[in-house]
Amino acid sequence: MRLVFLAALAKTLHEVTIGLDLAEQLAGAGITSHFVVNPYNEDQLRTARIPYTAVEPDLGEDVREVVRRVVKESRADAIVLVDYLAHWMTFKIGYRTDPWFVEDLGLPVIPLDLYDLENTSRRVEILGTTMEVDDNLLRMPVQLLPVPMNRPQVTGSGRGLPYRANRTIGPLTGNVRRETRRALGLPDGARLLMVPTLPWQQLMQFHAAPPTRELAVRLPRLLAHHLARLPQDTHFLLTGPLFDGFAAGLPEERVHHRPEYTAGEYHRLLGSSDAVFSFHLPSYALERAVAADVPGLLGVNDHAVNSAADIERLGAALPGGLTDRVRGWLADYPGPLPDFHMWPLRWNEVLRPLLRANPFTDTLRRAELLDEHSLVDGLERILYDGAERDRLAAARAGYRDIVSGLPETAQTFTEAVRRLGLGV
């Protein structure tokens, strides 16, 4: 069987890494793959030695002809959409064309659904505007659900089939970990906190509607204050853009910035860290930290603040109350502060249900970004507290055991194509 993987989203490794992981798992069953990707991800394909075609949004509607040619020349049997939601967003917003031209190519379409959209919501925010993702998914015979972050069991109508992702990632050897930390210039005995950011988040500071733009600019200033309170032997590994707030608020001598990296380099940086702090979902780092056996903390804001009265209610609701620094930040914030899971976007209607009754959440700590006391305490615990690190390590091991109970990925894929009337 021959597959064409569509993964044209720019400025992120996440989707292409998921697609490559699936393609490499299927290769042992004699299934070959060809990818359509943004040039940002060419290195991943070259390293994996999988054929690919690069496309960019400047193509506009001409991208259809490129995909049509790839499908014909590769003699594909099926098309895989690496992240249904990202496919819709990339072609509708980026290429300004109907994403569902793929259904006119005469081949079965197999979407990967990173959010279990059938059982959550399709309402998302794009550049400050709330939109509803097309409902084509609901009439497709089958979807593949990569785990994590999806639940490791069949839910809802049963059209979504969970499968084991990230099979090639594991803890680093002691030598590789020491070499990576030495290359960073990390002092002996220091603790390293990985704080991942993404290029598109930096773009939101300039190219989103004002509410999203303000959140993109202002939150790093507050988080830098929180992070600077950690013990003085805490160092910060910033992978991705260095936001002005981080540059100004974190001690320069303890910041290790890696703006660019290959997927392999990223995994070595992750595995060499003592903990991960992410304040947006889906988090490439938090997902892979489970396999790399690194503790993580997810920061979210569950509290919209629209008035001075909301600030007082928030102060009473948070276990640690509001510090003067957070009160000042809220008082200076221009306009309403939204609740959010995917900073600086919201996507709450998608992500909140996805996290509910999901054993993935047991593998990490969670904290409110406006609760300075609890956030700093949580970060300090996953970095320094042996009992807490052991607790989370046991939770990660338990989760990995659950995931290992899923069928082999090739078996799950065979079931998917069977529902489409194909044979492997």
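Two strands are taken to pair if DSSP finds at least two bridges between them. In this predicted model, Arg191 stands opposite Thr234 in strand 11. The two strands concerned are strand 10, comprising residues 191–196, and strand 11, comprising residues 234–239, and their parallel pairing extends over six bridges. Within this pairing, Val195 also has a residue facing it in strand 11, namely Leu238. In general, the strands of a sheet pair through backbone hydrogen bonds, in either a parallel or an antiparallel manner.

Strands 10 and 11 belong to an open sheet of six strands, arranged in the order 12-11-10-13-14-15 with parallel pairing. The edges are occupied by strand 12 (255–258) and strand 15 (365–368); each has a single partner strand, so one side of each is left without a neighbour in the sheet. On average, neighbouring strands of this sheet are turned by 20° against each other, direction ignored. Helix 5, formed by residues 174–184, lies across strand 10, strand 11 and strand 12, and runs at about 100° to strand 12.

On the other side of strand 10 in the strand order, strand 13 (residues 275–278) pairs with strand 10 in the parallel sense over two bridges. Here the bridge partner of Met194 is Val276 in strand 13. Strand 13 is in turn joined to strand 14 by three bridges, again in the parallel sense, and Phe277 has Leu297 of strand 14 as its bridge partner.

The burial of two strands in this sheet was examined next. Five of the six residues of strand 10 are buried, so strand 10 is largely enclosed by the rest of the structure. In strand 14 (residues 296–300), five of the five residues are buried, so this strand is likewise largely enclosed by the rest of the structure. Both faces of strand 14 are covered, with Gly296, Leu298 and Val300 buried on one side and Leu297 and Gly299 buried on the other.

A further open sheet consists of five strands in the order 3-2-1-4-5, and its pairing is parallel. Strand 3 (52–54) and strand 5 (109–111) form the edges; because each has a single partner strand, one side of each is left without a neighbour in the sheet. The twist from one strand to the next averages 20°. Strand 1 (residues 2–7) and strand 2 (residues 32–37) run parallel and are joined by six bridges, with Ala7 standing opposite Val37 in strand 2. Helix 1, residues 14–27, packs on this sheet and touches strand 1 and strand 2, its direction making about 170° with that of strand 2.

In soluble globular proteins, nonpolar side chains tend to be buried together. The largest nonpolar core of the present model has 145 residues, and those with the most contacts inside the core are Tyr115, Leu193, Leu227, Phe246, Phe277 and Leu330. With residues up to four places away in sequence not counted, Leu330 touches Val305, Ile311, Leu314, Leu322, Leu337 and Leu370.

Enclosed space was also identified, with a count of five cavities of 30 Å³ or more. The largest cavity holds about 120 Å³ of space. Its lining is made up of 14 residues, of which Thr197, Leu198, Tyr261, Tyr266 and Tyr284 lie nearest the centre of the cavity.

Key:
Residues numbered from 1 in each chain as written. Predicted model: local features only at pLDDT ≥ 70, side-chain atom pairs only at ≥ 80, totals over all residues. Heavy atoms only, no water. Helix = DSSP H or I, 4+ residues; strand = E, 2+ residues; numbered from the N terminus. Axes fitted to C-alpha atoms, helices over the stretch in contact; angles between N-to-C directions. Contact = heavy atoms within 4.5 Å. Core = buried A, V, L, I, M, F, W, Y, C linked by side-chain atoms within 4.5 Å. Buried < 20%, exposed > 50% of the residue type's maximum accessible area, 1.4 Å probe, protein only. 1 Å grid on protein atoms, 1.4 Å probe; cavity = no way out; pocket = protein on both sides within 12 Å on 5 of 7 lines; lining within 4 Å. Points joined across faces, edges and corners; volume = space filled by probe spheres on them.
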